[in-house]
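User: I have a two-chain model open. Can you teach me how to read a strand and an interface?

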Amino acid sequence: MPTEQSIETQPTTLDSVVIRFCGDSGDGMQLTGGQFTDTSAIFGNDFATFPDFPAEIRAPKGTTFGVSGFQVHFSSEHIHTPGDRVNAMIAMNPAGFKMNIMDVEPGGIVIVNEDEFTKNNLTKCGYLDGYNPIDDDELTNKYHFVKVPMSRLTRESLADSGMGAKDINRCRNMFALGIVYWLYERPLETTKSYLNKKFAVKKGLPEVAKINIRALEAGYYFGETAEVFPARYRVPKAKHEKGTYRQISGNEATVLGFVTAGQKANKPVVYASYPITPASNVLHGLAHLKRFGIKTIQAEDEIAAICTAIGASFAGDIAITGTSGPGLALKGEAMGLALMLELPLVVVDVQRAGPATGLPTKTEQADLLQAMYGRHCESPLIIVAPRSPSDCFKMAIEAVRLAVEFMTPVIYLSDGYIGNGAEPWKIPNLESIPDIKITHPTKEDSGDEKFLPYARNPETLARPWAIPGTPGLEHRVGSLEKEAETGNVSYDPDNHDMMVRLRAKKVANAAASIPLLEVDGDSSGDVLVLGWGGTYGSITTAIEQVRANGHKVSSAHLQYLNPFPSNTEEVLRSFKKIVIPEINLGQLSVLIRSKFLIDTIGINIVKGKPFKVETLVERITEVVKS
Amino acid sequence: MSTIEPKKTELPIYTAKDFTTDQDVRWCPGCGDYAVLSAVRKALPDIQRNKEDFVFVSGIGCAARFPYYMETYGMHSIHGRALAVATGVKVANPQLEVCVVSGDGDLFSIGGNHTIHTMRRNVDISILLLNNKIYGLTKGQYSPTSEAGKISPTSPAGSIDFPINPIATSVAAGCTFVARCLDVDMKGMDAIIKRAMDHRGTSFVEVYQDCNIFNHKAWFYASQKDTMPENTIKVEHGKPLIYGKDRDKGIRFNNGRPEVVTIGTDGITESDLIVHDETDMFLASMYAQMAHPEFPEPMGILHADTSKPTYNDLLHKQVDDAKAMGGQPDLQALITGTESWEVV
């Protein structure tokens, strides 16, 4: 590790920096970005990440559709988004450069691996013959270019390692990371220890760990000695509340939330799922946690996954199934079964851009109406939506709590952006999380009377959860309409009408069990910006900026979509205008208008990406001024 | 936490009546399903289990009403998904005796996928297929087991679908217990149901069941007093394949292929005949292809393999092993992770 004396000039201190690593999907950009994030997290910055990768695992090398990117925003301030404008970009190849340069702020640093800007590679990504963007005066005047022959330097620095060309070539990303670590004064220890663990300990390849570490150091020394940068930058630690922190992505937090819910309920958890982007890593994560009594099942399809979960719920486990939008569509009928059976079930939907296969690796919030209405007949169920990566932990526990308290399926609407994005998380003390109380009736509870599987808790309207294996409570549940109380098949018209209303009322009653909608800013006024789910970070940052520009605006964010918090109408009626930004064409607006007859102004952008803060600021300001 | 109570050493003495609900059975008079219901109710007292440990799961169809008539735990689910539900029940609580009763449409058309995957996983579930070769509940359309050319409301010019072979499919999917019986053969069915429930792993029983409304007599070539001896063959483990009214016919291998022979002609004796070995997968494949009119159709336990571990055992073993290896799970340590930092 170089010492402080090696720095000749004082670094420039910045509040926040947004870096984007980009290159071919085989260039290890996700790993590189993840390492920069880990290092910054442990250093003490606040941060938010945005991994952006193609659906193709290894698209033809060097093409624009195979570009993989990882953006990280790190700061000494409190931040909520991965940032709109890139301050520094690291492009490992021309395709990465081409697809990302437009997001770099004018004057921003652009570090390129110039060795890859060959005639062949330039042609592959569609640059005209004879044109090389890194020699284009217009571009080189607009940005601060740093051209580094990374491939050659990596090769040279590892020439005596005795390793093959392929292994050496794979270390280029670490060379690039070394440069960036130097530029932003980051320590190398976290990454060195990661490389040792990954290659030397886990894979038994100490020589691979060694060359990666050497490439990292070589990049760092290059930064120090090459004098190609205008300055070195320092982003001081953020002032976080006291406590223990870790980095967490939404899907990781979802996993931990479900494990915690199982422990708090003192129950095994069954997670049945079929692999689907971007929900698969919830299944991966849980599959590794069997020691906590987690049973994961990779089902043969989406329908099998939810039905297996329903069977597990019937037999008394905490049952969860996970998917993304297309899978939610396939699970529709079975969700209807679960709500007819009145069994607890959590259905995770990590939303992605669609319809059909759509943009599987990109984010969207367009499953809200599907979650709300995407089933046959009258089939309301509870819908919750985490608002940030770390909030997934809390909301996953909430989903389980509501499912068992009200004996109903609960849809948990996360999205690809918060699912894969990461932020620092102040680790909660588990003792502060209340237990989830579950009781299964026994024969003693009903005494000599016949057990009534559809009797109701007068408060919640939940039915008893009697599980197979309990002597004396043998009963049948089924998808046919049931008679109140007995649960026997019933075709009686009045009974059906009553049961339809009862199931709806039960879900509506859950409003009494969820927190009120909080308003940020004045509790009444001209404009309320209402968001839901994963857009919290962008909206919050935009609101801060609109206020900093001298405008008055309040905001509120829904984490419970069905039922809405009981004060929702009251909150909305306290403002003249309701602005709803959503990454869809206005689905929450549809719900608000139909439920409350309150008009809304939508900000709807559906590009498969999180909102840009500057767009929200502009659009919210327009409404505030009008 | 509610745990499964340790079982009493002495089981109550049950009769078929203990497994009968107060619900009116709503099948058509004369339906073959009655025979199966009766056989199952009669078989359960002999299976050494407490009543509360039985779970019957079904999909949709006439046969799928079955759980409503069994005084056990039960779930009538949605079309085709009974096996997925049953897998979940077994995964949650492997102590339960889980049985799926459904029809040919449910198990081999809309739910065909789950049938294959349940079998290949060897989930410890017993499956009773009530095969009537027709869609009864939707009023008589052809089913995936209907013969090609079947005239039905959806195939007025004859069905152009070739039928699926449930036994062949089960064998191909690696099902570890494959059996077949006739709805009219109460004795045969009783023995098979008991063996099926005792079997550790997926057991599959195809019942030739008569739908006397929409497909009456579909199985008469095999189920009648005069046709049964000539057109079916009861296979018994360790015994030669002999059938016929006069027990004079048998099956032998001829150049690797089964061949119908008559004992006593051309010098053929019992010792020339194939001896049934229920553990032999090759024989099971052969039985799957033996069809009327070329061959008598095999009845009985065609295949039983106890060597393969069950899905639920493997799954719970992984959980138990992880618990044993990981020691007392520390949730706080898990959520803290390995790369945390302190802000002071």
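Analyst: We take one strand, then the interface. This is a predicted model: local features need pLDDT of at least 70, side-chain atom pairs count only at pLDDT 80 or more, and totals for chains, interfaces and linings use all residues. Residues are numbered from 1 along each chain as its sequence is written, with chains lettered from A and ligands numbered from 1 in the order in which they are written.

User: Is strand β8 of chain B buried or exposed?

Analyst: Strands (E, at least two residues) and helices (H or I, at least four) are DSSP runs, numbered from the N terminus. Buried means 20 or more other C-beta atoms within 10 Å of a residue's own, exposed 12 or fewer, partly exposed in between, with C-beta atoms placed from the backbone. Six of the six residues of β8(B), 203-208, are buried, so the strand is largely enclosed by the rest of the structure.

User: Which way do the side chains of β8(B) point?

Analyst: In a regular strand, side chains alternate between the two faces of the sheet. Here B:S203, B:V205 and B:V207 point one way, and B:F204, B:E206 and B:Y208 the other.

User: Which strands pair with β8(B)?

Analyst: Pairing takes at least two DSSP bridges. β4(B), residues 125-131, runs parallel to β8(B) over six bridges. B:L128 partners B:V205 there. β7(B), residues 177-182, also pairs in parallel over six bridges. There, B:L182 partners B:Y208.

User: How many residues of chain A contact chain B?

Analyst: Contact means C-beta atoms, placed from the backbone, within 7 Å. 61 residues of chain A contact 53 of chain B. α12(A) gives the largest share of chain A's side, nine residues.

Conventions. Contact = placed C-beta atoms within 7 Å.
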